[in-house]
Amino acid sequence: MSAEQKVDFAKQVAPIFQQHCIRCHSDDDRQGELSLASVDDLNENEFVIPGQPDASYLLEVIMAQEGEPPAMPQEAERLKDAEVQTIRRWIQQGAAWPAEVRIKQASKADASWWAYQPLQVFPKPHSIDEFISAKHQKHDLRFAQRADRRTLIRRLSFDLHGLPPTPEQIKRFVSDPDPNAYQKLVDRMLDSPRYGERFAQHWLDLAHYGDTHGFERDKRRDNAWRYRDYVIQAFNDDKPYSRFLQEQIAGDVLWPNDPQAVIATGFLAAGPWDFVGQVETKSPALRRAARSLDLDDMATQVMTASMAMTVNCARCHDHKLDPITQREYYQLRAVFAGIKRTDRVVSEQALQDYQDQKETLRMQRNALDAAAAQLTGRSIDLADVVGGGNGFGTGMFRQAIDPRNAKVQTRDFGNLGNVIVNRFSRSDHPLVDGVFIADGKAGQAEVPISSTEVTVSGLPTTSGKAWDMIRNGPVASQHSTTIDGIDFTGPGHHLIGLHANAGITFDLSAAREVLLSKQVTQRADDEATAGDQSLAGELRFTAKLGYFGASGSNVADAWVFLDGKRVAEFRKLKRDDGLQAIDVNIPTKSKFLTLLATDGGNGYGMDQIGFGDPQLRLSKLPRPSQETQRRVAKLKQRRDRVEQQLLELGPTPEFYGVASTEKGAERSVPEVRLLSRGNPESPSGHALEPGSFAALSMLQPQLGTLQSNQGERRVALANWITHRDNPLTKRVIVNRLWQWHFGTGLVSTPSDFGYGGARPSHPQLLDWLAGELVANQGSLKAMHRLIVNSRTYQQVSVIHRVDTPSSERTNPARVDADNRLLWRQNPRRVEAEVIRDSVLHVSGKLNMQQGGPGFEDFTYQEAYAPIYTYVTADSKPLWRRSIYRYRVRTTPDRFLTTLDCPDPANMTPQRLTTTTPLQSLALYNNELMLRQARYFAQRVSEEAGAKPSDQVQRAFQLALGRAAEMEELQWAVSLVQQQGLFVLCRSLFNANEFVYVD
């Protein structure tokens with residue numbers, strides 16, 4: 001090059017700085033107060049004097065001086081003479097540095113990285129065992145022997161179902177003469193609904209699914225479970241993997257009329273969410289920070305789960321290891337900028353259908369109740385009594401009793417003044433003893449509830465405030481008078497409006513007198529006669545209780561007392577809970593019936609409790625005729641059927657997912673800009689279009705324009721990830737399947753296929769499996785069959801010796817201590833949830849109920865930071881499989897956490913397995929384990945009889961899937977005889993063989 005030729009900075013100088021200098025002199029690592037990302041520091045520090053190379057300090061430090069090597073670079077090879085001369089000429093020519101050129105450190109991997117290459121094509125058929133055997137031959141290894149049938153069925157059962165097989169299943173398989181028995185067993189297990197429950201757990205680990213928000217408030221997500229059920233069903237249905245991913249990213253856009261596809265988008269909302277930062281804070285900066293983390297979580301989850309790309313490493317700067325630029329990262333975030341996490345309906349049509357069906361069923365039930373009531377005798381209407389009536393229709397609608405002083409009122413009131421809590425006021429009405437306003441003062445107060453100084457204790461602390469009156473009808477400003485399709489102000493219905501914290505006590509002695517004086521009995525021949533005094537005394541109180549305030553977080557408590565004794569309690573009652581049936585038998589000696597509402601500890605706003613159709617009647621009526629009995633029984637049968645249909649209808653079709661944030665007439669998506677150092681307060685450059693990564697050269701990274709709506713952006717990303725030419729998506733999922741069967745994937749870092757992750761142990765096998773996934777139309781069950789039917793999978797897990805004279809080859813562990821070459825199967829400890837489920841399964845207590853809201857093995861207390869207090873699971877609803885557990889982020893189950901159950905705040909591509917003394921202590925002493933060991937002992941005793949040797953054999957068969965060996969039998973029988981069967985059962989739950997596969 002001649003001296004007159006112009007130096008091209010971008011092509012000639014910038015590459016020199018990038019190769020030799022930027023590692024130590026960048027915006028992120030400004031050593032010597034110098035960044036060579038731009039010209040700014042060079043000019044500011046006068047390291048370069050344009051036109052004067054000999055006066056420029058930069059040239060001085062990169063050249064040898066007086067026989068000494070160059071001062072820079074310090075930890076790398078010196079610049080070549082030609083490179084130094086290029087920089088000299090650049091300075092001589094004016095040191096022009098184009099403003100658009102910024103120098104960034106090159107990633108260690110580039111587009112030529114193995115994971116970004118197209119899948120290898122294999123022209124002839126292969127098998128898993130061929131690829132594994134080829135590696136064996138290179139290292140003088142060979143397959144271990146095939147495991148016996150008992151080992152194989154336990155391995156398959158834990159792998160595919162997450163449960164141990166029963167002794168009967170083991171016996172049938174071991175003795176099955178069919179040479180294809182194993183293959184048929186695999187098919188049966190894959191066809192079982194237990195399969196979806198097992199593999200959904202793996203996927204939910206990737207989605208860091210939880211039933212609470214996390215962060216400091218950790219509020220509940222009571223509708224999140226629908227996404228969990230979607231994942232289970234998708235695995236059971238063997239949904240093609242591409243469709244599975246597309247639904248979770250953009251199912252609500254691609255298939256808006258498919259409820260399951262819409263629910264699938266719960267994947268995007270499955271992770272933690274900062275309620276304080278997103279909703280409560282008044283700081284715009286904190287809101288921007290929370291929103292930035294939210295978008296990062298969505299983008300990271302999608303790309304990590306589907307493509308094992310660590311995209312979040314590019315949030316503050318270009319990825320140091322992988323070819324992902326910071327700009328590309330924010331373009332990916334732009335895909336999700338138009339959505340937010342929220343509860344939403346599956347569809348308006350689904351909601352309308354649900355409401356119509358529920359209203360129809362409720363109307364049927366109410367009609368049946370009314371018909372039955374007509375056959376069961378006359379009663380006092382307590383709402384009519386509150387309205388000043390005699391209980392038989394003479395009261396005035398919305399007439400009321402003041403809870404402060406028992407005076408009759410007709411006008412509406414609001415917040416009541418001059419309230420004195422825990423003071424009883426007598427009423428002039430003959431059927432009403434009096435009224436009061438309660439404050440339990442954390443259970444310590446003795447609250448008077450009658451004129452005879454009967455008190456109740458144990459009530460919660462209330463606000464001590466009250467609203468309006470106790471009314472015959474709705475209270476002032478009542479949100480609604482309708483629940484479960486019943487308008488309690490309509491014909492044939494009545495309502496006591498009882499706003500928290502008011503209570504009213506009825507005089508039962510007076511009520512008995514009224515009922516007996518008006519009693520009409522019915523003989524078997526249906527002839528009316530005078531009342532039979534032998535029937536006097538016992539009463540029955542019935543009502544339909546509901547929370548008539550607004551839906552949402554509003555809750556209140558309702559109570560029913562007889563002479564101060566609590567006979568019914570409804571805590572944290574919400575509108576969505578619907579009507580609660582009250583049916584109380586009242587003994588002859590009972591004098592007072594008290595109805596009370598308290599505010600649930602969260603203030604008294606909206607706490608409009610109502611007792612619908614409150615009736616007092618004699619409980620001992622004359623024996624009805626056979627015809628009447630037949631009609632009542634028939635009505636009850638019909639009502640039971642309707643009630644079951646209502647139960648099967650389930651909760652409202654809502655789920656926790658994502659919804660659009662697009663605003664304005666143009667429904668535009670909020671802009672996303674590159675954030676300097678990832679700081680939401682330092683946006684730079686222009687708004688970014690949605691995009692992905694250019695490193696996969698076979699795909700176009702553009703995912704739309706600034707005008708693309710949020711749905712179009714997500715659809716574009718879903719199609720990009722599942723594109724037929726995208727090799728990463730296929731490699732990643734088959735590697736995960738391999739990991740879930742062998743404990744370690746062919747790539748041992750299942751969510752990092754970049755430079756920072758591991759290289760594949762069998763790259764050709766990985767690509768062949770990915771190709772087989774395509775050949776099988778994305779069927780994951782087909783891949784399971786392929787893997788578990790291989791010789792590689794069916795090997796024993798014990799270390800074997802190879803018969804060869806070379807001492808170096810006698811022990812394969814010396815050649816391949818980590819078993820990366822798979823010369824045997826890997827022994828694996830099962831996960832925390834599988835241990836819990838297996839304990840319940842062996843004890844005979846496992847509840848196999850599928851789907852629906854998760855079970856809550858804790859008590860819940862509303863607070864700024866809700867309090868979740870775990871209880872011992874000792875009832876059938878709490879004995880469901882762990883997949884159906886209500887997962888609390890900030891307060892995890894300590895027993896499961898001790899056994900390495902992961903934190904749902906984090907994405908978990910691979911479970912951590914530790915061995916600690918606490919685990920042994922938990923398995924031996926945790927209350928759940930102790931109770932289940934007792935149930936286990938009871939089961940063994942019932943099934944094996946009283947003979948200790950028979951008990952021992954049955955216990956071993958149930959827990960370990962095998963008979964006790966002679967030595968084991970001897971010590972176990974001795975143990976049972978000396979310390980009881982419970983101790984043996986407790987010990988078996990603590991055996992390594994119980995918690996390890998193989």
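Okay, quick definition before anything else: when I say buried, I mean a residue with under 20% relative accessible area. One caveat too: what you're looking at is a predicted model.

Let's start with helix H9, residues 193–206. How many of its residues are buried? It's 13 of the 14, so by that cut-off H9 is mostly covered. The length works out as well. At 1.5 Å a residue, H9 should span 20 Å, and its end C-alpha atoms sit 21 Å apart, which agrees. Have a look at the two ends while you're there. At the start, Ser192 points a side-chain oxygen to within 3.1 Å of the backbone nitrogen of Arg194. Just past the other end, His208 has a positive phi of about 35 degrees.

H9 also takes us to the cavities. There are three of 30 Å³ or more in this structure, and the largest has a volume of about 80 Å³. What lines the largest one? The list includes Glu197, Arg198 and Gln201, along with Glu833, Val834 and Asp837. Gly162, Arg881, Ser882 and Ile883 are on the lining too. H9 and helix H25, which covers 832–843, each supply at least two of the lining residues. If you sort the lining by class, you get five charged residues, three polar and two nonpolar.

Let me stay with one of those, Ser882. It's in the loop between strand S27, residues 867–870, and helix H26, residues 894–898. Buried or exposed? Ser882 has 1% relative accessibility, so it counts as buried. Its side chain makes a polar contact of 3.1 Å with the side chain of Arg836.

And since S27 came up, here's its partner. Strand S26, residues 858–861, pairs with S27 in the antiparallel sense, over four bridges. Tyr860 has Tyr868 in S27 as its bridge partner, so to speak a Tyr facing a Tyr across the pair. Five residues make the hairpin connection from S26 to S27.

Back to cavities for a moment. The second largest holds about 50 Å³ of space. Its lining is Ala234, Phe235, Asp238, Lys239, Phe244 and Leu780. By class that's four nonpolar residues, two charged and no polar ones.

Now for something open, the second largest pocket, with a volume of about 740 Å³. It has 26 lining residues, and the closest to its centre are Arg288, Arg291, Leu295, Pro670 and Glu671. Which element gives the largest share of the lining? That's helix H14, with six residues. H14 spans 284–307, and helix H13 (275–280), helix H15 (326–336) and strand S1 (339–345) also each supply at least two. The class count here is twelve charged, nine nonpolar and five polar.

Last stop, a sheet. It's an open one with six strands, antiparallel pairing, in the order S5-S6-S13-S20-S17-S18. The edge strands are S5, residues 425–426, and S18, and each of those pairs on one side only. At the S5 end, two bridges hold S5 to strand S6, residues 432–437, antiparallel again. Arg426 stands opposite Gly434 there.

The strand I'd like you to click on is S17, residues 556–562. Why call S17 largely enclosed by the rest of the structure? Because seven of its seven residues are buried. Remember that side chains in a regular strand alternate between the two faces of the sheet. In S17, both faces are covered: Ala556, Ala558, Val560 and Leu562 are buried on one side, and Asp557, Trp559 and Phe561 are buried on the other.

S17 has neighbours on either hand. Six bridges join it to S18, residues 565–573, running antiparallel, with Ala568 as the bridge partner of Val560. Another six join S17 to strand S20, residues 592–598, also antiparallel, and there Leu562 is partnered with Leu593. The hairpin of S17 and S18 has two residues between the strands, and in it Asp563 takes a positive phi near 50 degrees.

That's my tour, so over to you.

How values were computed. Residues numbered from 1 in each chain as written. Predicted model: local features only at pLDDT ≥ 70, side-chain atom pairs only at ≥ 80, totals over all residues. Heavy atoms only, no water. Buried < 20%, exposed > 50% of the residue type's maximum accessible area, 1.4 Å probe, protein only. Pairing = 2+ DSSP bridges. Expected span 1.5 Å × (residues − 1). Polar contact = N/O pair within 3.5 Å; in protein donor to acceptor, adjacent residues only side chain to side chain. 1 Å grid on protein atoms, 1.4 Å probe; cavity = no way out; pocket = protein on both sides within 12 Å on 5 of 7 lines; lining within 4 Å. Points joined across faces, edges and corners; volume = space filled by probe spheres on them. Nonpolar A, V, L, I, M, F, W, Y, C, P; charged D, E, K, R; others polar.
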